[in-house]
Amino acid sequence: MFKGILIDKIDGALNAQISDIDEAALPEGDVTVAVEYSTLNYKDALAINRGAPVVRSFPMVPGIDLAGTVTESSNPDYAVGDKVLLNGWGVGEGHWGGLAEKARLKGEWLVPLPESFDSKTAMAIGTAGYTAMLCVMALERQGVKPEDGEILVTGAAGGVGSVAIAVLAKLGYTVIALTGRPEEKEYLQSLGAKDILPREEMSEPGRPLARERWAGVVDVVGSHVLANACASTKYGGTVTACGLAGGMDLPSTVAPFILRGVTLAGVDSVMAPRALRLEAWRRLGEDLDPALLGSIAEEISLSQAIEASARILDGKLRGRVVVKVS
Ligand code: NDP
């Protein structure tokens, strides 16, 4: 038996609780991992508190991230004792995930733990941080350079936002942080933001084109914030879109794209190809100051995870949450 969070439907009602789970119930896979750390992402909070549509079958162990040590393997790429991490691939949604002491997975989903990180640091970064890196790499691919001007990071005090600010600032970009929490100004500046912008300035319906300001954008919010970010991006700039914390809609026009040559670059971490993941994790080892993770990430125990997940949905948690699983 091992401990984990189990989400189930009991008489039609969603129930998430710490449970003793029989190892025989683990799903199919060619690698078994003793999970040391997991995390709480926005998606985990949705899974634990709302179930569907994130959870695609019940019962489900949530947790889209995990890091730990291989305890059994019939996969030639992994041996007992190897340190590994996992982000996405539908784990914690359609396949049991990381918020439990054991996980059984497909070896092809795993990434060897980069040498620069231990399990805890890797999970302090987690899917949110790895997605932030994918956004930065997308800006770079589109040719956005530090000398081109300011980069807007939205949802700045959250997980993706915090890591995006830290990485961009270390790379020499001038970062402006859009936040609904002006009380976090000092925190955001400590990560490297030059200034903050109140969320209200971008969350209402705006004009198809606004004053050109941003050379690039990392957006996690969607909806009017994303539409306004596109409308105020400079000629030839790039907006990366990875989230929907403010809504799934995009009430925009084609004006920024056809009149200013703005690029809207979508970023997905869940099914991102292996080569891109390996590169993102390599870059995190190089371009994220590990000292900042201490202020970005808060550690909690598995037994605190359900309560903490509700605070994520209320927008009350700052940065990242690392869960010590075993
Ligand atoms: P967090 O909950 O840590 O952060 C989200 C931030 O968005 C909050 O801290 C808040 O920032 C801001 N926010 C919250 N609610 C609203 C609102 N109603 N309107 C405007 N801003 C709001 O989440 P993550 O950083 O982990 O993830 C952010 C988004 O990115 C989520 O939608 C998530 O699902 C998505 N995501 C997508 C991935 C992908 O593969 N495409 C991977 C990882 C995440 P502040 O208080 O500073 O305003």
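**Close-up views of a predicted model**

Gly 92 is found in the loop between strand 5 and strand 6, and this placement, like every other described in these legends, comes from a predicted model.

**View 1. Surroundings of Gly 92 in the loop between strand 5 and strand 6.** With a relative accessible area of 2%, Gly 92 is buried, because buried is taken here to mean under 20%. Once its neighbours within four places in sequence are set aside, Gly 92 is in contact with Met 60, Val 61, Pro 62, Gly 63 and Gly 97. A further residue that may be shown for orientation is Ser 57, which is 35 residues from Gly 92 in sequence and lies 10.0 Å from Gly 92 in space, C-alpha to C-alpha.

**View 2. Surroundings of His 95 in the loop between strand 5 (83-87) and strand 6 (102-105).** His 95 has a relative accessible area of 12% and therefore counts as buried. Not counting residues up to four places away in sequence, His 95 touches Pro 27, Glu 28, Met 60, Val 61, Gly 90, Arg 104, Leu 105 and Trp 109. Met 60 and Val 61 are thus among the residues that His 95 touches, and they are also among the contacts of Gly 92.

**View 3. Backbone of Trp 89 and Ser 223, two residues with a positive phi.** Most residues other than glycine have a negative phi. Trp 89, which is found in the loop between strand 5 and strand 6, has a phi near 60 degrees, a positive value in a residue other than glycine. Ser 223, which lies in helix 6, likewise has a positive phi, of about 50 degrees, although it is not a glycine. Ser 223 counts as buried, because its relative accessibility is 9%.

**View 4. Cis peptide bonds that lead into Pro 53 and Pro 59.** Most peptide bonds are trans. The bond from Ala 52 to Pro 53, in contrast, is cis, with omega near 5 degrees, and the bond from Phe 58 to Pro 59 is also cis, with omega near -10 degrees. Pro 53 lies in the loop between helix 1 and strand 4 (65-73), and the place of Pro 59 is likewise in the loop between helix 1 and strand 4.

**View 5. The aromatic cluster of Phe 117, Tyr 130 and Trp 281, linked by ring pairs.** The count of aromatic pairs in the model comes to two. Phe 117 and Trp 281 form an edge-to-face pair, with 5.8 Å from centre to centre and 80 degrees between the planes. This pair links distant parts of the chain, since Phe 117 is in the loop between strand 7 (111-112) and helix 2 (119-141), whereas Trp 281 is in helix 8 (residues 274-287), 164 residues apart. Tyr 130 and Trp 281 form a stacked pair, with 6.3 Å from centre to centre and 15 degrees between the planes. Because Tyr 130 lies in helix 2 and Trp 281 in helix 8, the stacked pair ties together parts that are 151 residues apart in sequence. Phe 117 is buried, Tyr 130 counts as buried at 0% relative accessibility, and Trp 281 is buried with a relative accessible area of 1%.

**View 6. Arg 318 and the ring of Tyr 187.** The charged end of Arg 318 sits over the ring of Tyr 187, at 3.8 Å from the centre of that ring.

**View 7. Surroundings of Ala 231 in helix 6 (residues 223-231).** Ala 231 is buried, because its relative accessible area is 1%. Apart from residues up to four places away in sequence, which are not counted, Ala 231 touches Arg 207, Pro 208, Leu 209, Ala 210, Pro 256 and Arg 260. Of these contacts, Ala 210 can be followed by its C-alpha, which is 5.3 Å from that of Ala 231 in space, while the two residues are 21 residues apart in sequence.

**View 8. A nonpolar patch on the surface, formed by Tyr 42, Leu 244 and Met 248.** Together, the residues of this patch have about 340 Å² of accessible area. Tyr 42 has its place in helix 1 (residues 42-50), and because its relative accessibility is 35%, Tyr 42 counts as partly exposed.

Terms used: Residues are numbered from 1 along each chain as its sequence is written. This is a predicted model: local features need pLDDT of at least 70, side-chain atom pairs count only at pLDDT 80 or more; totals for chains, interfaces and linings use all residues. Side-chain values use heavy atoms; hydrogens and water are left out. Patches are made of residues with over 30% relative accessible area and no salt bridge: like charges are joined within 9 Å, nonpolar side chains (Val, Leu, Ile, Met, Phe, Trp, Tyr) within 5 Å. Accessible areas come from the Shrake-Rupley method with a 1.4 Å probe; for residues, only the protein chains shown count as cover. A salt bridge is a side-chain nitrogen of Lys or Arg within 4 Å of a carboxyl oxygen of Asp or Glu. Helices (H or I, at least four residues) and strands (E, at least two) are DSSP runs, numbered from the N terminus. Buried means under 20% relative accessible area, exposed over 50%, partly exposed in between (1.4 Å probe, protein chains only). Rings of Phe, Tyr and Trp (its six-membered ring) pair if their centres lie within 6.5 Å; planes under 30 degrees apart count as stacked, over 60 as edge-to-face and the rest as tilted. A charge sits over a ring if NZ of Lys or CZ of Arg is within 6 Å of the ring centre and within 35 degrees of the ring normal. Contact means heavy atoms within 4.5 Å.
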